[in-house]
Each structure stands twice: as C-alpha cells, then as structure tokens.
Amino acid sequence: MNIILLGAPGAGKGTQATKISDAYALPHISTGDIFRENIKNQTEIGLLAKSFIDKGQLVPDEVTCKIVEERIGRADCQNGYMLDGFPRTIAQAEALDAITKIDLVINIDVDFSLLMDRLCGRRVCKDCGESYHVSRLGGATTCSRCGGELYQRKDDNPETVQSRLDVYNAQTAPLIEYYEKKGLLFNVVGNTTPEDVYAKVAAKLDSLK
Ligand code: ADP
Ligand code: ZN
C-alpha cells in the first residue's frame, strides 16, 4: 500500500506517521527529515535546502521530486511506503503520479488557530524524532521513548511558522481537492488526541487490507 499523509504544518503528520509505520511495516519517508539529515551532514542538498527552510519556504520542486523518486525506488519500498510532507505542491503530486500509484491519501484536518501554538511549543527528540509539546513536558529535557535529548527546530519560531502556514494555504491546501477528485482522499479531524486520530486512521487502513 502506498500512502500519503497530508496536513498543515503542526497537524500531527509526523506523530501519526511513526505509529502507522510501526503498525503496518511501511517505510516512513519524510522529506523534512531527509532535508534535516542533509543539513546536519552539510551536503550540497542540505546547504541548498537550508536557505529555503530557514525562511519557511519550500525547497524547489526539482530537488524535492528527485530525492523522493530515488527514495521510493529502493528495495524497502517495493511492498509499499508512506510519504509524510510530500507532495506539497500540485507539481510534486503530478510528478509522483508519473512514477507510482497512490492507494490512499490521509488528510489530517486541524483547526488553523491551534497550529501556531503547537509548532512554537514543539520539542523534538534528536535521536528518534518523537515530538512533544513543551506544556506537557513538565520541564523534562529528554525523550520518554528513547532518552534522547530534546531540541527546538530552528523553523519553529513565530515568524517562520507564519510563513510556513501561508505557504501551506497557497500551495499545499489545493492538494486536498486534487486527491478528492481522484477518489483517494480520507479526511480525519486532527483536533483531538493522537490516539484518537490514530484509531480512525487504523480503522480505515484495516478496511483496505
Ligand atoms: P512541517 O510539516 O512541520 O512544516 P517538515 O519537516 O515536513 O515540517 O518540513 C520542514 C521544511 O522542509 C518545510 O518548511 C520546507 O521548507 C521543507 N520541505 C519539506 N518537504 C518539502 C516538500 N515536499 N517540498 C518542498 N519543501 C519541503
Ligand atoms: Zn527519542
């Protein structure tokens, strides 16, 4: 099964992706994670991506599409995969359609007013990628899942978050209609708890098996 996770920044794509990937044995492909890894390793792609990511803008489609095409061509994706954060533009979706067949698009729909706080309060484990909200950490600075150190992403500040939300509205939100027209869209309300959202997603995935 080839799945796409769609949703605004802060909708909870990453959190759901970890759960789905574990339960359904699907490789989790996050373009954001791939870029952050490249930035850490100071690769050419990393240097380029950083200049866009730091401003809350999208990395150019040619670069992003090439990375995804290479990644889903690897052996571990032969029996399915889950894309998180890709596609983010209509052009990316069209490029994807040209190389693969998507079975389901899960759109996590969250009230826009919640996103700024979710993102600015987010802390991420540097080892396993798990996300937390600072209001629920009670001062803890390490990951309860793996013990890794928590950090705040550089693009999780009010100014950059605002531009990411604007970019989402202008460039990514049109994908909802794009996939709806293809009959692939599954909408789930993401305002509740991660467990509740996951239960709905799992019920849908089980119905497709
Ligand atoms: P979030 O969904 O929380 O905004 P991501 O980790 O998915 O975070 O992405 C972080 C940044 O990486 C984006 O703001 C963007 O600059 C870049 N990026 C990630 N995926 C894509 C993509 N498919 N196309 C272009 N840029 C992307
Ligand atoms: Zn961790």
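Two strands pair if DSSP finds at least two bridges between them. With that in hand, welcome to this predicted model. Strands β1 and β4 meet that mark, as they pair in the parallel sense over five bridges. From there we can look at the strands, the core, one helix and a zinc site.

**Strands β1, β4 and β8**

- In the pairing of β1 with β4, I3 has L104 of β4 as its bridge partner.
- On to the next pairing: β4 and β8 run parallel and are joined by five bridges.
- One link between β4 and β8 is easy to look up, since D109 has V189 in β8 as its bridge partner.
- Strand β4 is mostly covered, with five of its six residues buried.

**A residue to try first: N2**

- You will find N2 in strand β1.
- N2 has a relative accessible area of 13%, and buried means under 20%, so N2 counts as buried.
- Along the chain, N2 and I102 are 100 residues apart, yet their C-alpha atoms are separated by 5.1 Å.
- Beyond its neighbours within four places in sequence, N2 is in contact with G80, Y81, T100, K101, I102, D103 and L104.

**The nonpolar cores**

- The largest nonpolar core has 25 residues, and the members that touch the most others in it are I20 and I106.
- Elements that give two or more residues to this core are the strands β1 (2-7), β4 (104-109) and β8 (185-189), together with the helices α1 (13-24), α6 (112-120), α7 (158-172) and α9 (194-208).
- Helix α9 supplies the largest share of this core, five residues.
- Leaving out residues up to four places away in sequence, I20 touches L5, A25, L26, M82, I106, Y198, V201 and L205.
- Another core, of 19 residues, lies apart from this one, and its members include A93, L96, Y179 and L185.

**Helix α3 and its two sides**

- In helix α3 (residues 44-53), the buried residues are G46, A49 and I53.
- Looking down the axis of α3, you would see these buried residues fall within an arc of 70°, so they line one face of the helix.
- The face turned away from that buried side carries the exposed residues E44 and L47.
- Among what covers the buried residues of α3 are α2 (31-40) and α7.

**The zinc site**

- Four cysteines coordinate the zinc ion (ligand 2) through their SG atoms: C125, C128, C143 and C146, at 2.3 to 2.4 Å.
- The site is tetrahedral, with angles of 98 to 115° among its four donor atoms.
- For comparison, the ideal angle for four tetrahedral donors is 109.5 degrees.
- Along the sequence, the donor residues follow the spacing C-x2-C-x14-C-x2-C.
- Two of the donors can be set side by side: C125 is buried, with a relative accessible area of 2%, whereas C128 is partly exposed, at 31%.

**The three-stranded sheet**

- Strands β6, β5 and β7 form an open sheet in the order β6-β5-β7, with antiparallel pairing.
- At the edges stand β6 (131-133) and β7 (150-151), each with a single partner strand, so one side of each is left without a neighbour in the sheet.
- Strand β5 (residues 122-125) is joined to β6 by three bridges, and the two run antiparallel.
- To locate this pairing, find R123, which stands opposite Y132 in β6.

Note on methods:
Residues are numbered from 1 along each chain as its sequence is written. Chains are lettered from A and ligands numbered from 1 in the order in which they are written. This is a predicted model: local features need pLDDT of at least 70, side-chain atom pairs count only at pLDDT 80 or more; totals for chains, interfaces and linings use all residues. Side-chain values use heavy atoms; hydrogens and water are left out. A nonpolar core is a set of buried Ala, Val, Leu, Ile, Met, Phe, Trp, Tyr and Cys residues joined through side-chain atoms within 4.5 Å. Buried means under 20% relative accessible area, exposed over 50%, partly exposed in between (1.4 Å probe, protein chains only). Helices (H or I, at least four residues) and strands (E, at least two) are DSSP runs, numbered from the N terminus. Contact means heavy atoms within 4.5 Å. The arc is that of the directions from the helix axis to the C-beta atoms. Donors are N, O and S atoms within 2.8 Å of the metal (3.2 Å for Na, K and Ca); water is not among the atoms, so sites may look incomplete. Four donors count as tetrahedral if all angles lie between 85 and 135 degrees; four count as square planar and six as octahedral if opposite donors are over 155 degrees apart and all others between 65 and 115; anything else is irregular.
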